[in-house]
Amino acid sequence: MASVVEAALYQDGVRVSSPATLAETFRELRDQPSGMAWIGLARPTEAELLSLAAEFDLHPLAVEDAMEAHQRPKLERYGDTLFVVLRAARYLDAPEEVDFGELHVFVGPDFVITVRHGAAPDLSAVRRRMEETPELLKLGPEAVLYAILDAVVDGYVPVVTGVQNDIDEIETEVFRGDPEVSRRIYELSREMVEFQRATRPLVGMLHGLMAGFSKYGTDEELQRYLRDVADHVTHTSERVDGFRQALTEILTVNATLVTQQQNAEMRALAEAGFEQNEEIKKISSWAAILFAPTLVGTIYGMNFTHMPELHWVLGYPFAIVLMAVVCTSLYVIFKRRDWL
């Protein structure tokens, strides 16, 4: 199945053709030397990328990067062609997580090729916006690159808002003692690492573009637009850095609260153990006291014929006194040891 999402040719900022295939696009662009081709691809095949490379003289290293996702954001120039890698992001409300996409952009003198890996960003909206402002579109491929950069950066705004809400919820859960909050903090921290990897390089990339304004004769109005995008990227990058710091602090607070809770539980267990030990001491003491007369009575209850004191007149009083003395002695001993 062809992966060409949309291809169009533009003349002075106006769409003049919508070729159905790459071959038609190549042919019509050759017939209109002053035109510009904008080709959108989604997860293209190797054959499609190689045909584009042959037609537009794309550098093999850039083509190799475009064939595979998981590239870091970067901007590289190969002769007259710019190769840009962007990491787009969108916030998914239902699972409350950030979904990242990858976009590769080739920008040449008369063409723009976008290779998308992932759902974000919505380049059809970017194309509609540019076609509705032909005065901007007629500035050429650099204007399309600006619009794509602007769309990617604008896509960060709802992500920042969603993450801020998540952090607010996490703070509430931490002080409420939710047992699942540690996992949520960890998962959001990982997403913020990915978000940093997407936003931080953009700051340097846009400054690199601005540094080449004079050398490559960038239109002054387009320069203003790109500076505005650079400001937004810087602000977003700072917010993301703040989120990571906040999550680190929340994780520390959560660990402290968990430790305090564990200490309180250990104290409660220790106190319960102490109370239980005291009760065992009391039970053991009374058991020993009650065992003493039982022992005496058991001995004197033996029916041997030749048993000392068996027919003694004072035998019974002696047994009673012996029981009382033993019980009293044990009571005094246990009392002094605070067992009773």
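This passage describes the domain layout, the strand pairing around strand 6 and the nonpolar cores of a predicted model.

The predicted chain has an average pLDDT of 85, and 95% of its residues score at least 70. Among the elements of the chain, the highest mean pLDDT, 92, belongs to strand 2 (residues 14–17), whereas helix 8 (residues 213–216) has the lowest, at 67. The chain is divided into domain 1, which spans residues 4–259, and domain 2, which spans residues 279–337; the C-alpha centres of domain 1 and domain 2 are 93 Å apart. According to the unreviewed UniProt entry, the annotation "transmembrane region" covers residues 283–302 and 314–334. Over residues 314–334 the model is 95% helix and 0% strand, with a separation of 30 Å between the end C-alpha atoms.

Strand 6 (residues 97–107) is mostly covered, with 9 of its 11 residues buried, and pairs with both strand 5 and strand 7. Strand 5 (residues 81–92) runs antiparallel to strand 6 and is joined to strand 6 by 11 bridges; within this pairing, Ala88 has Gly101 of strand 6 as its bridge partner. The hairpin of strand 5 and strand 6 has 4 residues between the strands, and in this hairpin Glu96 adopts a positive phi near 55°. The pairing of strand 6 with strand 7 (residues 111–117) is likewise antiparallel and extends over 6 bridges, with Ile113 in strand 7 serving as the bridge partner of Phe106. These two strands also form a hairpin, in which 3 residues lie between strand 6 and strand 7.

The largest nonpolar core comprises 57 residues, and those with the most contacts inside this core are Leu86, Ile148, Leu149 and Phe195. Helix 6 (residues 141–176) contributes 16 residues, the largest share of this core. When neighbours within four places in sequence are left aside, Ile148 is in contact with Leu86, Leu103, Val105, Val112, Thr114, Leu123 and Val126. Apart from the largest core lies another core, of 23 residues, which includes Phe56, Leu58, Ala62 and Phe111. In soluble globular proteins, nonpolar side chains tend to be buried together.

Technical notes: Residues are numbered from 1 along each chain as its sequence is written. This is a predicted model: local features need pLDDT of at least 70, side-chain atom pairs count only at pLDDT 80 or more; totals for chains, interfaces and linings use all residues. Side-chain values use heavy atoms; hydrogens and water are left out. UniProt positions are given in the numbering used here, feature names are shortened, and annotations may be inferred rather than shown by experiment. Domain bounds come from an automatic or database domain assignment. Buried means under 20% relative accessible area, exposed over 50%, partly exposed in between (1.4 Å probe, protein chains only). Two strands pair if DSSP finds at least two bridges between them. pLDDT is the predictor's confidence in each residue, from 0 to 100. A nonpolar core is a set of buried Ala, Val, Leu, Ile, Met, Phe, Trp, Tyr and Cys residues joined through side-chain atoms within 4.5 Å. Contact means heavy atoms within 4.5 Å.
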